[in-house]
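Let's talk through how the open and enclosed spaces in a protein model get their names. Have the structure open beside you as we go.

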Amino acid sequence: MDSNRVLEIFEEITRIPRESGHEELIIAFLQNFAAVHSLECRTDEVGNVVIVKPASPGKEDVPTIVLQSHSDMVCEKNSDVDHDFTKDPIRYEFRDGWMVAPDTTLGADCGIGIAAELAILESGQPTGRIECLFTVSEETGLDGANALQPGFISGKTLVNLDSEDEGELFVGCAGGLDTTAVFDADYQKTEAGVLCEFEVSGGLGGHSGDDIDKGRANAIKVLVEFIHKYAGRYRLVDIAGGNKRNAIARSAKAVLVADGDEVYADMETAFAEYAEKTKEQYCTSDPSLEFKCSRLSSAVYPESLDKESTARLVEGLYEVPHGVLAMSRDIPGLVETSTNLASIHLHDNDGKRYFRIGTSQRSSIDSDRRNAGDRVSGCFERAGMKVSHENEYPGWKPNMDSHILDVTRNAYKELFGVDPVVRAIHAGLECGLFLEKFPGLDMISFGPTLRGVHAPGERLELASLDKFVKLLDKVIDDLS
């Protein structure tokens with residue numbers, strides 16, 4: 001297997017739409033790849049695909065190895081960019097040793113894993129039997145992994161290719177839980193006042209697990225912190241921000257009716273001061289943070305919430321936690337429990353309007369994850385919202401006596417002359433569900449270095465791709 005070939009395949013994958021829940025074209029691509037190379041291919045009812053490379057002559061007694069990636073990607077773009085993820089190829093460039101998508105996500109999470117698996121399947125490398133597993137909708141709730149049925153894979157050793165730090169071997173991950181709040185929006189005719197808009201944008205965003213401890217601005221929280229100070233002096237028309245559950249909100253805006261010119265003038269002046277203070281606060285983590293306020297035509301929004309509803313919604317958003325809740329007591333530097341205020345948007349269902357607020361909680365301890373979800377739901381319920389929990393998945397407890405860990409650690413040391421870092425990750429890998437579905441699996445996760453995943457500007461370090469490919473090649477050789 002050659003890293004240039006892996007990159008070629010990945011470039012082909014960037015031309016295939018594969019947003020979570022819409023993986024039809026990438027599934028067809030995988031099926032066609034198997035047909036072209038005369039390989040056994042199975043697809044289950046949800047769209048998970050497994051392609052089997054038979055054992056090479058003389059390797060029939062080697063235990064089966066499972067290689068695994070997910071076939072979907074997070075689709076995020078800058079607001080001023082014209083890009084349709086349902087049909088447009090990802091636009092990328094090579095810059096200073098990186099492959100970068102300047103204005104969108106790149107999809108190297110987990111497209112580079114897919115490409116590596118396909119390169120192995122087509123190579124002439126002598127191996128034992130290899131099952132290449134491609135799961136669907138990992139980014140929106142691990143749906144594919146959760147739907148796996150007994151017998152879909154048979155191997156007892158699994159290598160997950162969904163990690164983002166070369167030189168680090170992952171042997172554990174956090175479990176997750178989504179908590180959704182719904183706030184019924186009873187709109188009334190807008191009373192006299194100044195219609196205005198306040199906006200926060202340009203946040204770096206990032207992965208709600210890997211990046212939650214980096215102190216990055218959550219645009220929703222930043223905006224709400226400001227408008228909360230003026231409770232009782234305006235009526236809310238709209239508030240919107242964020243998008244994906246597993247991404248930190250990069251932008252948010254609120255449209256409101258201020259109680260007259262004097263209140264708006266006070267807010268406008270205070271917002272400028274707040275902007276300067278907040279930019280200074282986040283100058284390292286979010287250097288492009290922007291603040292904007294403007295007066296709007298009163299004809300744009302003829303209705304608004306009343307002041308009591310406005311206060312309850314804003315209070316709920318203000319009180320709900322975001323960020324790290326606890327650090328691990330066992331592994332230094334590892335986030336143990338966190339929560340992400342991911343999104344808020346107004347919806348209209350046959351004339352019934354409501355705000356839907358999306359959050360996600362992560363923890364390597366099941367009880368702490370549920371406690372975090374309860375803490376979030378309590379804030380929303382006190383504000384009169386309806387709350388539900390969904391998409392819970394287990395964590396993956398580290399096994400330091402793992403055979404695949406020993407093989408991979410020794411292979412890395414032999415190849416590169418240094419010991420790799422062995423650690424757990426505060427993100428949702430599918431390994432916890434695999435272990436639940438297939439008890440006794442021996443697992444490890446590693447990959448090349450990716451930065452900015454789940455946000456525009458996602459990039460892949462090319463030097464790390466070469467080391468990742470060499471390591472995967474050697475691990476398969478050593479296992480075979």
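A cavity here is a set of grid points where a 1.4 Å probe fits but cannot get out. Bear in mind that this is a predicted model.

Q: How many cavities of 30 Å³ or more are there by this rule?
A: The count comes to four.

Q: What makes the residues around the largest cavity its lining?
A: A lining residue has an atom within 4 Å of a grid point of the space. The residues that pass for the largest cavity are Ile13, Thr14, Ile16, Pro17, Arg18, Met73, Cys75, Phe85, Asp88 and Ile90. The space they line has a volume of about 60 Å³.

Q: How is the lining of the largest cavity split by class?
A: Seven of its residues are nonpolar, one is polar and two are charged. Cys and Pro count as nonpolar, so Cys75 and Pro17 of this lining fall in that class.

Q: Which element gives the most to the lining of the second largest cavity?
A: That is H11, with three residues. Helix H11 (462–479) and strand E8 (168–173) each supply at least two. The volume of this second largest cavity is about 50 Å³, and its lining has five nonpolar, two polar and four charged residues.

Q: Why is the space of about 730 Å³ called a pocket and not a cavity?
A: A pocket is an open set of points with protein on both sides within 12 Å along at least five of seven lines, whereas a probe in a cavity cannot get out. The space of about 730 Å³ is the largest pocket, so by that definition it is open. Of its 29 lining residues, Lys77, Asn78, Ser79, Arg250 and Ser251 lie nearest the centre. Strands E11 (194–201), E12 (234–242) and E13 (252–258) each give two or more residues to this lining, and E12 has the largest share, with three.

Q: What lies nearest the centre of the second largest pocket?
A: Asp165, Asp210, Asp211, Lys214 and Arg451 do, out of 27 lining residues. Asp, Lys and Arg count as charged, so these five belong to that class. The lining as a whole has eleven nonpolar, six polar and ten charged residues.

Q: Why is helix H5 called mostly covered?
A: Buried means under 20% relative accessible area, and nine of the ten residues of H5 (219–228) are buried, so the description fits. Among them are Ile220, Leu223 and Phe226.

Q: How do you know that Asn218 caps the N-terminal end of H5?
A: A side-chain oxygen of Asn218 lies 3.0 Å from the backbone nitrogen of Ile220. The cut-off for a polar contact is 3.5 Å, so this pair is within it.

Key
Residues are numbered from 1 along each chain as its sequence is written. This is a predicted model: local features need pLDDT of at least 70, side-chain atom pairs count only at pLDDT 80 or more; totals for chains, interfaces and linings use all residues. Side-chain values use heavy atoms; hydrogens and water are left out. On a 1 Å grid over the protein atoms alone, a cavity is a set of points where a 1.4 Å probe fits but cannot get out, and a pocket is an open set with protein on both sides within 12 Å along at least five of seven lines; lining residues have an atom within 4 Å of a point. Grid points are joined across faces, edges and corners, and a volume is the space filled by probe spheres set on the points. Helices (H or I, at least four residues) and strands (E, at least two) are DSSP runs, numbered from the N terminus. Buried means under 20% relative accessible area, exposed over 50%, partly exposed in between (1.4 Å probe, protein chains only). A polar contact is a pair of N or O atoms within 3.5 Å; within protein, one must be able to donate a hydrogen and the other to accept it, and residues adjacent in sequence count only if both atoms are side-chain atoms.
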